[in-house]
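Here are a few short exercises to work through with the coordinates open. Try each one before reading its solution.

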Amino acid sequence: MQRFCREDAPGTIYALSSGAPPAAIAIVRISGPEAGAVLCALAGALPVPRRATLRHLHDAAGARLDQALLLWFPGPSTATGEDLAELHLHGGRAVVRAVLDAIGALPGCRMAEPGEFTRRALLNGRIDLAQAEGLADLLEAESEQARIAALRMAEGGLSRRIGDWRTRLVALAAEIEAALEFGEELDDEALLPPAFDRALAVLHEEIADILRAPSAERLRDGFRVVIAGPANSGKSTLINALAEREVAIATPIPGTTRDSLEAPIAIGGTALLLTDTAGLRETSDVVEAIGVDRARAVIESADLVIWLGAIEDAPPRSVSVHGRNDIPGREATPSGYALGLSALTGQGMTALRDLIAAAASAEIRSDSLALNIRQRALLVDAERALAGTMTESDPLLQAEHLRAGRAAFDAVVGRADVEAVLDGLFARFCLGK
Amino acid sequence: MTDYDVIVIGGGHAGCEAAAASARLGARTALVTMRADRLGTLSCNPSIGGIGKGHLVRELDVFDGLMARAADSAAIHYRMLNRSKGPAVRGPRVQADRKLYAAAIQSMLRATSGLSIVEDSADRLLIEGGVPSGVELAGGTRLAARAVVIASGTFLGGKIFRGEETETGGRVGEGAALTLAAQLRDLGLAVSRLKTGTPPRLDGRTIDWARLEYQASDSEHWSFSALPSSRQPQIACAITRTTPRTHDIIRSGLDRSPLFSGAIEGQGPRYCPSIEDKIHRFADRESHQIFLEPEGLDDPTVYPNGISTSLPVDIQTALIASIPGLEQCRITQPGYAVEYDHVDPRGLDSHLQLRAIPGSYLAGQINGTTGYEEAAAQGLVAGLSAGAAAMGQTPARFDRTSSYIGVMIDDLTLQGVTEPYRMLTARAEHRLYMRADNAIARLGDCARGSGAVSPARAEIIERHCGSKADAEKQLSEGDDGQELVARGIAPHVAAEVVADALYRPYVQRQAIEIERRQRDSGITLGSIDYRRVAGLSNEMIERLSRAQPTSLGDAARIRGITPAALTAILVAARSA
């Protein structure tokens, strides 16, 4: 991984800095020594600094990509402290993809890592650490649960837990080390005390238990609610009603939705990620078939599936809903369905929202520490290290497993590895910030 | 005024290795010692090596250090410790005939060209313009030099305790370096006190050997040095133990022990406690093991390993008589504790050079370590560094990812010491890689590049690496080394290759950690005024200022430095 703070070239980074397309406009930021060269390559010549300029963008082959508004900020008095350019594009996915690809093909340019723009700003003295952390906090905490979990984390709940685990692990490691270093001097036959295995197993189980709780990303990104069912069962209409905006194109034509569409919403302080899926049916249309496969994958990873099909086809972790009860002949909810509703008239929608909110809050334990991806990965390392210790018989290799476990704990609270510490801070930023 | 490139003060294990290493580099070197006939003396136990310590001796040997060869030529009892455990923690250890050991060291020193032995007491470091210009001896004679290594051991402000008695000295019956101690304090170096101890010596002719359990020397032949040496006849050791009566006697004398009366302020090693300490701290244990180790082939003296003490002589006499087999035993020299000055090693850089006085180097117990092997290894580092500096060369560098020497230097200079520092394999994160059996493979290139090895050594290194590469190609899955040996590979090479294969998955995982560490080491810090870095606690400021880490990676290893502090340091370093 390339790092700005080392001797080697910092490189020029770029990323989509606005929200996910499609959107009205999309802003791409480019920072680094090649930022000016990128503008020249795409738009022909550098615009006047700090003034919005309208230009056509072309790729290396000369194909026109978009008409865009350009902003050119020569360094060092810029947000990142480096040469910085912004492209305000039309916010279609294809346009954004094509422009990002064109930049990526230029020499010295690479996609930014999450938080890398802020990291450069910090390292170049444009902002201080408190500002960087404040920014990270601002960008996060979209829901009440995330706020509470983040607060608990900030108050040191995780550090205290890790501190306790680490102390116990060090005590276990010390038993083995004593046997390795002084086993010859001590004439005791038993190398390890009888309580060793039990203490190890208890520690392992506590960590495994924490890992079963949902992650911080899950809390922040939301409980995943997937709307699924056969083709033309009203999925897109329902997601638009729940999101209270036009997320999906809803038509009476079966097979309209060919890809999975996502819409973040909040119900009762809980962040939810709604996903509309292609209707499940056999199809000879290649594109629709891919959509159906994706739908099955999304259903697999869902926390809750709102199922609009026949009860006997309902997937695991689903509630079956009798939809479209505004249609004559569908007014009555057959037995076995959780509820009947009409996304068009709004009837039954409040009951559905309550049902989703109840399922979400049951899943998200109120006492849990929300681990982010980095923390979770490290605790998984620690858990594996302890499991490895339990199955290993050579005390030297047991000690090696415990050392790996301790290193993982240290890395969680950021004791050992500086790069990991910095990554830990900057991983909190979205890409492009 | 006699002119040298390097002067080494002190003729213990650190001083001898430092002087020899400096001279091997071609620097004109003087070794100043109070008693030339005591060069290479084993002041405490008559043994070399052990777990962690044996690793150091093998590493020293790759650089043509003296200790491994002297131990081989004086060994009268071999024991590979931890033989039943994994190869990475096996510790070669020998008992050495004291006279033969000292004779071997002295003859190697005499045979080292460019090395002069000066029998005198070094009183004062001569300093001009902030750097050392030489040394003033007790008689007022001055010796000039461009670099000075101080390896004064326990002689720096040394004070001996035995019950209520005290005397000045680093070893019983010898003097102490008091003026030098005062000068180092005056130079503003952070000096504090540590203590160590030694057991009474016994007359082996008065021990009832027939009643004791024996421990024979290893039947398998192994040596410390890769260079050949003569082999002495092997003798057995005996094992006895303390009794409840021994413990009662010790308890009755505790109030007269300088350790418990408060006369000794220095902290002793937790890993090598005195017998009174053991009785006090592990009150529930009914008995402690004692190894009776003969000190030489033609010397009746026996070293009772495990009962170091500074109790009064009458208590020592009574406690010895309470031990099975020692009822009639005569003490030839009572045990004692010695308290001495040590300098905070955080004032040193990674070449053991004093940051406050560039050109001066400290090695051995003066840096707060305990043990011959730890001292000798530091002597090598200081000697190579001082010699290279005087000759205008780049000194060899030891890293904690590839050597125990590197681990020790890194620990000392970054963390400092709170008790005498002893090498333990647990200190080495990469111990599965850093084994006693693969020192040549780990350090051969570094040793040859240091310019301190003889052509014979260079050839051995090359030959070993060649046969190892050959053996690696021939190693088949599941071979415990026997197939390799059957194909004509030397047993020690086969064992090394098999051990490499055993630990390979772990070592590969560690290689990733090493790479990560080196990334952090690439961020250099320079001289930062930590008092001006916002957000650091007073404790952090103190630790960082003392250790002056050269890179962010070093700063991260200092205890108590938090992530937020590191980020603040990083930002301060970049804005400096």
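**Exercise 1.** Work out how the radius of gyration of chain B sits against the value for a compact globule.

*Solution.* Keep in mind that this is a predicted model. Start with the chain length: 576 residues, for which a compact globule would come out near 25 Å. Next, take the radius of gyration of chain B, which is 24 Å, so the two agree. For the extents, the C-alpha trace spans about 70 × 65 × 50 Å along its principal axes.

**Exercise 2.** Describe what chain B is built from and how its contacts are spread along the sequence.

*Solution.* Count the elements: chain B has 18 helices and 22 strands. Then take contacts between residues at least 6 apart in sequence; 73% of these join residues at least 24 apart.

**Exercise 3.** What share of chain B is buried, and what does its surface offer?

*Solution.* Buried residues account for 62% of the 576. The exposed area is about 21,500 Å², with carbon and sulfur atoms supplying 50% of it. Now the charges: there are 64 positive and 67 negative side chains in chain B, and the centres of these two sets are 2 Å apart.

**Exercise 4.** Find out how many disulfides the structure holds, then check Cys237(B).

*Solution.* The count over all chains is zero. Cys237(B), for one, is in no disulfide: its nearest cysteine sulfur belongs to Cys44(B), 15 Å away, and the cut-off for a disulfide is 2.5 Å. As for its surroundings, Cys237(B) has a relative accessible area of 1%, so it counts as buried, the limit being under 20%.

Technical notes: Residues are numbered from 1 along each chain as its sequence is written. Chains are lettered from A and ligands numbered from 1 in the order in which they are written. This is a predicted model: local features need pLDDT of at least 70, side-chain atom pairs count only at pLDDT 80 or more; totals for chains, interfaces and linings use all residues. Side-chain values use heavy atoms; hydrogens and water are left out. Helices (H or I, at least four residues) and strands (E, at least two) are DSSP runs, numbered from the N terminus. The radius of gyration is taken over C-alpha atoms; the globule rule is 2.2 Å times the number of residues to the power 0.38. Buried means under 20% relative accessible area, exposed over 50%, partly exposed in between (1.4 Å probe, protein chains only). Contact means heavy atoms within 4.5 Å. Accessible areas come from the Shrake-Rupley method with a 1.4 Å probe; for residues, only the protein chains shown count as cover. Lys and Arg count as positive and Asp and Glu as negative; His and the chain ends are not counted. The place of a charge is taken as NZ of Lys, CZ of Arg, CG of Asp or CD of Glu.
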